[in-house]
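Could you walk me through the aromatic contacts in this structure, stop by stop? I have the viewer open and would like to know what to select next.

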Amino acid sequence: KKNNLLHIHSCFLPCTNVLTLFGLGVMSLLRPLLLDAVPTIQQTAALALGRLANYNDDLAEAVVKGDILPQLVYSLAEQNRFYKKAAAFVLRAVAKHSPELAQAVVDCGALDALVISLEEFDPGVKEAAAWAISYIARHNAQLSQAVVDAGVVPLLVLCIQEPEIALKRVAASALSDIAKHSPELAQTVVDTGAIAHLAQMILNPDAKLKRQVFSALSQIAKHSVDVAEMVVEAEIFPAALVCLKDPDEYVRKNVTTLIREITKHTPELSQIIVNVGGVAAVIDYLGDSKGNVRLPGIMMLGYVATHSENLAMAVIVSKGVPQLAICLEEEQEDHIKAATAWAFGQIGRHTPEHAKAVAVANVFPKLLNLYLDTESSEDLQVKAKKALKSILQKCTYLPALEPLLYEAPSNILKHVICQFSKVLPHDSKARRLFVTSGGLKKVQEIKAEPGSAIQEYINAINNCYPEEIKTLKTKGH
Amino acid sequence: NMATLEKLYKQVENIKAIAEENRQKENEAAVRIQSWFRGCQVRAYVSLLHKNATSIQKIWHGLTARALFRQRVKTAYFITKMNFYNKMAVKIQQRWRGYYVRKYVHDYYARKRYLEGLTRKNKHIRRDLEEVAELQWKERERITLEKQEKEKNIQAQRLHFLLSTKQCLGVFNLPFRTEPDETELRLRKVRPLLVRSGPFRPALEVQQQRHRPLEPSLHIITSITALEEQYEGLMHTSTPFEQVAYGTKHFREEHKEYLKGKKPFKTVFTTCHVFDKFGRLYSSAGNIV
C-alpha cells in the first residue's frame with residue numbers, strides 16, 4: 001500500500017498525469033487510506049490529496065464532495081505533527097481556489113482545529129496552519145470575520161514573534177489577508193498589538209518577510225485615519241525609507257504602497273511623510289523602477305499634492321515633476337499613464353507657480369496627445385482632459401501655452417485663449433512676443449460664435465493691439 | 001270819568017294783554033340777546049384762555065422739542081463719530097490682520113525657508129539612502145566574492161595532488177608560462193584535505209576502550225592443558241577422561257603402523273560465547289539481539 005502511494009506521489013511531478021489519475025478515481029482510493037493504521041500511509045495519503053486539490057479547483061471540489069474534510073479535521077486534533085502538516089496542507093489547497101470552497105472548509109469546523117494547531121510547539125505545524133488560515137481569510141470579509149471570531153489573531157501575533165523566518169512570513173501574510181477587507185477587521189488586528197511587532201521586523205534581512213510585513217502594514221493603514229496614525233506612531237519612518245533601496249522589487253513596491261495608503265488620508269499625515277524625506281525617496285524609487293510597480297509611487301505623489309498647495313510645492317521642489325514626465329514618456333500601460341496625468345493635474349492646479357512648474361516640464365503636448373489619441377482608454381482620456389483643464393485654468397506661462405493654440409480641440413482651446421486674454425492686457429513684452437510668434441494671426445483665424453465665451457476672449461485679446469497691427473497680420477506678414 | 005277810567009282800564013288791559021302777548025316774545029328775545037351777549041363774553045373769555053393756554057403750551061412744546069432736538073443732535077453726532085471711529089478702526093484692523101496673516105499664518109519667508117529646508121533634507125535623505133544602498137550592495141558583493149573564494153579553496157584542496165614539484169611541473173605550472181597560474185598559487189597555500197569518514201565516537205569512550213583492562217573469557221583463561229593438570233577424575237567413572245573413540249566399531253581403514261608411537265588428536269572445542277560478552281562489547285553491532 002505504502003509503495004503504491006509513494007508511486008502515486010511520484011506521478012505528481014509531471015502535471016498532465018494528475019487529471020488522468022483523477023479520471024482513474026484516485027480520490028476514492030485515497031480516502032480509506034486516510035484511516036489506515038500505519039501513520040506514514042496516512043501522511044502520504046493526506047499529502048497526495050493536498051497535491052491533487054492544489055492542482056485545480058475541480059479537484060478541490062471533488063475533495064470537498066468526497067466528504068474528506070470532516071475526517072481530516074477530526075484527526076487534525078489527535079495525530080502527530082507530520083499528519084497535522086499534511087492535513088493543514090490539504091485544507092489550504094482546497095480553500096485557495098474560491099470563496100465557496102473556503103466556506104466549505106470553514107463549515108467543517110476546520111477553524112477550531114487550525115486554532116489548536118496554532119498552539120502547537122512545532123513551528124512547521126504552526127506555519128501550515130497559519131498558511132491555511134491566510135488562504136481562507138483571503139477571499140472576502142465574511143470569511144475573515146469567521147476566522148477572527150475563532151480567536152486566531154492573538155495566536156498569529158504570537159507566531160510573528162517566533163524566531164523561525166518562514167513562520168513569521170506566513171503569520172504576517174495571514175494578518176495582511178485578515179485586515180484587508182474592512183476597518184473593523186483592521187481594528188481587531190491592531191487591538192492585539194500587531195503593529196509594534198510588525199514594525200520591529202522592518203529591518204530584517206529576509207526579503208520575503210519584508211514583503212509580507214509591508215503588505216500587512218499597508219492593508220491595516222488603508223482603512224482609516226486613526227489606524228494610519230497608529231502605524232506612523234510606531235516609528236517606522238525613516239527606517240522604512242531604507243527598504244526603498246532593497247534589491248527585491250516587491251519589497252520596494254509594498255513600501256511605496258504603505259506610504260501611499262498613509263498619505264491618502266489627511267494633510268497632517270502627508271506632512272509627516274514629507275518632513276521625513278519620503279517624497280524624495282519615492283521619487284528616486286520611481287527613477288529606479290520600471291513598469292507596473294511604479295503605480296503606487298505615482299499615486300502617492302498625486303495624493304500628497306492634492307491636500308494643499310504647500311505640499312504640492314514640496315513635491316515640485318523635490319524634483320517630482322521631471323520624474324513624472326519621464327514616467328509619462330516611458331510607460332506604455334494606460335492605467336499608469338492615467339495615474340500620471342491625474343498626478344500632474346493635482347500638482348498643477350493650485351497656483352500659477354505650480355502650473356508653471358508643470359508647464360516648464362513640457363507636459364502639455366503629451367497630455368494633449370493622450371487626450372486626443374483614439375487608442376487611449378476612456379479613463380485615460382477623461383483624466384488627461386481634467387488634468388489639462390485644471391492646470392490650464394491657472395497657467396500664466398505663455399511659451400508653454402502657445403503650442404496648444406495650434407493643436408488643441410475647442411473645449412481646451414477655450415481655456416487657453418482665456419488665459420491669454422487674462423495675461424496679455426498687462427504685459428507688453430508678452431504682447432510683442434505673441435505677435436511675432438504668429439499667435440495673434442492664429443487667434444484671429446479662430447472661428448467662434450458671436451456671444452460665446454471664446455469670442456469674448458478673442459475680443460479682449462484683439463483689443464490689446466492697435467488697428468494697424470491687426471490689419472498687418474491679416475495681410476499675412 | 002268812569003268811562004275814561006274804564007277806557008283807560010280797558011286801554012291798560014289792552015296794553016297789558018298786548019304786553020302779555022308780547023311778554024313771552026320779548027322775554028325770549030331779551031333772553032336771547034342776553035344769552036348771546038353772555039355767550040360773547042364767555043367766548044371772549046374762553047378765547048383768551050385758549051390763547052393763554054396756547055401760548056403756554058407753545059412755549060412748553062418749544063422747550064421740550066428743543067431739548068429733544070438737542071438730544072437728537074447729540075446722538076447723531078455721536079453716531080457719526082462712532083461710524084468714523086469704526087471706519088478708522090476697520091482700516092487699522094485690516095492693516096493689522098494683513099500684517100499678521102502675512103507674517104505668521106501665511107508667512108512667505110517661512111514657507112520659503114521650509115521649502116529650502118525640505119530641499120536640503122531631501123538631499124541628505126537621498127545621499128543617506130544611496131550610501132545605505134551602496135553599503136548593502138557592497139556587502140552582498142563581498143559575500144558572493146567570499147563564497148567564490150571558499151569554493152575555489154575547496155576545489156584546490158581536492159586537487160592538491162596537482163601541485164607541481166621540482167621534478168614534475170604540474171598542469172597549472174606549465175613550462176611555457178612566465179608565472180604559475182592562480183590555481184597553482186592556491187594549491188600551494190592550501191592544506192590538503194584529510195578525509196575522515198565519520199561518525200566518530202566521543203573521545204572519552206575511545207579512551208575508556210583503550211585503557212580497558214583485559215576481561216578474558218573463561219575459555220581464554222583456561223590453559224590448554226587444563227584437562228591434564230587440574231582435572232581430577234570423577235569418583236563414579238572409571239575411564240580416564242579423554243577422547244574416547246566414537247563408536248566401538250571402526251569402519252575406517254586403519255594403518256596402525258603409521259600411527260605407532262603417536263598420540264591421538266586432542267580436540268579443543270570452541271565454546272559458544274554469543275552471550276559471553278553480551279552488553280559489554282565496544283561495537284554496537286550485536287545490540288539488536
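## A tour of the aromatic pairs

Start in chain B: select helix α1 (residues 2-105), which holds both W96(B) and Y99(B), 3 residues apart or about one turn of the helix. Please keep in mind along the way that this is a predicted model.

Zoom in on those two rings. W96(B) and Y99(B) make a tilted aromatic pair, with 5.6 Å from centre to centre and 45 degrees between the planes. W96(B) has a relative accessibility of 48%, so it counts as partly exposed. Y99(B) is partly exposed as well, at 38%. Now add Y100(B) and Y104(B) to your selection: together with W96(B) and Y99(B) they form one aromatic cluster.

How many aromatic pairs are there over all chains? The count comes to 8. For another of them, move to chain A and select Y303(A) and W342(A): their ring centres are 5.3 Å apart and their planes meet at 75 degrees, which is over 60, so this pair is edge-to-face. Colour the two helices next. Y303(A) sits in helix α22 (residues 295-307) and W342(A) in helix α25 (residues 334-348), so the pair ties together parts of chain A that are 39 residues apart in sequence.

Are these two rings buried or partly exposed? Y303(A) is partly exposed at 21% relative accessibility, because buried means under 20%. W342(A), with a relative accessible area of 22%, is also partly exposed.

For the last stop, select R92(A) and W131(A). Here the charged end of R92(A) sits over the ring of W131(A), 3.8 Å from the ring centre.

Key
Residues numbered from 1 in each chain as written. Chains lettered and ligands numbered in written order. Predicted model: local features only at pLDDT ≥ 70, side-chain atom pairs only at ≥ 80, totals over all residues. Heavy atoms only, no water. Phe/Tyr/Trp six-rings, centres within 6.5 Å; stacked < 30°, edge-to-face > 60°. Helix = DSSP H or I, 4+ residues; strand = E, 2+ residues; numbered from the N terminus. Buried < 20%, exposed > 50% of the residue type's maximum accessible area, 1.4 Å probe, protein only. Lys NZ or Arg CZ within 6 Å of the ring centre and 35° of its normal.
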